[in-house]
Structure formats: structure tokens, C-alpha cells
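Subject: Structure handover

Dear colleague,

I am passing this structure on to you, and you will find the sequence and the model just below. Please look through them before reading my notes.

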Amino acid sequence: IVAGNVATTLTAKAVVPSQLSVQLSGTTMDFGKVSASETQEAKIDITILKCNVGGNQVKMDVNGAADLAKDSTHKITTYYALKKNGGAKTYSTASAINSASLTMPPTVNVKHEFYGKIVTKNTPIGTYTDSFTVTFSQAV
């Protein structure tokens, strides 16, 4: 209760949550059947569908990426790169991509590409795989 000439502070508050929606062309980067001594690339398209990150970049964190492996002793060296809106791609090793600072402009409906590259050289036959997590968020 406010009575007489008493001043009271009021607070007005609004929360605008970050809205980020990303579409991927798939969740499997398939290199297909490769020869014993071949370089092969594969990619997943990334499109930002909704973004209100306040002009900040969209951040892509990779966690757990490793070389493709058939078992603990048979591996294929694997490289990854983020190609932003038709720009250049610079590959990093699978282990380095886990700590890389990958960002994209917050432009809606623009395609970016996440590439993988393997080089098979005297690689024993078999199926080689790796699974890892990719998280999209607002870069601070």
C-alpha cells in the first residue's frame, strides 16, 4: 500500500529469447565406396532458418570428432571444414575441429557447407565410421 507522498520504484521487464533454427541436409556424411588410394569429400548443407542473435555470429561447436575407424588399430585420417556461403574452406584434422572456433553470419536462408575429407592410402577393406555432436548457438 502506498499512501501520501511516498515514491515507489517500478520495474518494467521483457525477455526476448534467442531464436535459432538450423536445417541440415542430413545427419550422415557419406563418403561412399572409396578406392585404396583416393581422396574423397562429403558434405552436409547447413541453412539458418530463424535467427535473432542480435547481430552476433552463429557458433558451431563440434564435440567428439575423431578419425574414421574400423577398429582401434585401423583408422582413416579425417579432415573437416566449414565453407561459409560459398567462401573458401580450410580443412582441420578431426581432433583440431573439436576446439576450433567455427562461426557463420546470422543470415537467414543462406547455405553453408560442412565438409569432410578422407585420404585412403593402403587402407584395409572394411567400414570406417565416427559419430560426433554438433551444437549451434549464439556466439558471444
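What follows is an account of what was found, beginning with the pocket and the core and then turning to single residues.

Please keep in mind throughout that this is a predicted model.

The largest pocket holds about 740 Å³ of space, and its lining is made up of 34 residues, among which Met29, Asp30, Phe31, Leu68 and Tyr128 lie nearest the centre. Sorted by class, that lining consists of 19 nonpolar, twelve polar and three charged residues. Three strands, namely β2 (37–51), β9 (111–121) and β10 (133–138), each contribute at least two residues to the lining of this pocket.

Two of those strands return in the largest nonpolar core, which has 23 residues, with Met60 and Phe114 touching the most other members. At least two residues of this core come from each of β2, β3 (58–63), β6 (78–83), α1 (94–97), β8 (102–104) and β9, and the element that gives the most is β2, with five residues. If you would like to start from one residue here, Met60 may serve, since beyond the residues up to four places away in sequence it touches Ile46, Leu82, Leu102, Met104, Phe114, Val134, Thr135 and Phe136.

Strand β9 also carries two residues that I would ask you to look at, Glu113 and Thr120. Glu113 has a relative accessible area of 10%, and because this is under the 20% limit, Glu113 counts as buried. The side chain of Glu113 makes polar contacts with two other side chains, that of Lys43 at 2.9 Å and that of Tyr115 at 3.4 Å. When neighbours within four places in sequence are left aside, the residues in contact with Glu113 are Lys43, Ile44, Asp45, Ala81, Leu82 and Lys83. Thr120 is likewise buried, with a relative accessible area of 2%, and, again not counting residues up to four places away in sequence, Thr120 touches Val34, Ser35, Ala36, Ser37, Glu38 and Ile76.

In strand β2 you will find Lys50, which counts as partly exposed because its relative accessibility of 45% falls between the limits of 20% and 50%. Although Lys50 and Ser21 are 29 residues apart along the chain, their C-alpha atoms are separated by 4.8 Å. Once its neighbours within four places in sequence are set aside, Lys50 is in contact with Gln19, Leu20, Ser21 and Val108.

Finally, two loop residues deserve a look for their backbone angles. Asn85, whose place is in the loop between β6 and β7 (92–93), has a positive phi of about 45 degrees although it is not a glycine. Asn109, placed in the loop between β8 and β9, also has a positive phi, near 65 degrees, and is a residue other than glycine. Are these two asparagines buried or exposed? Asn85 has a relative accessible area of 52%, and so, being over the 50% limit, it is exposed, while Asn109, at 57% relative accessibility, counts as exposed too.

With kind regards

Conventions:
Residues numbered from 1 in each chain as written. Predicted model: local features only at pLDDT ≥ 70, side-chain atom pairs only at ≥ 80, totals over all residues. Heavy atoms only, no water. 1 Å grid on protein atoms, 1.4 Å probe; cavity = no way out; pocket = protein on both sides within 12 Å on 5 of 7 lines; lining within 4 Å. Points joined across faces, edges and corners; volume = space filled by probe spheres on them. Helix = DSSP H or I, 4+ residues; strand = E, 2+ residues; numbered from the N terminus. Nonpolar A, V, L, I, M, F, W, Y, C, P; charged D, E, K, R; others polar. Core = buried A, V, L, I, M, F, W, Y, C linked by side-chain atoms within 4.5 Å. Buried < 20%, exposed > 50% of the residue type's maximum accessible area, 1.4 Å probe, protein only. Contact = heavy atoms within 4.5 Å. Polar contact = N/O pair within 3.5 Å; in protein donor to acceptor, adjacent residues only side chain to side chain.
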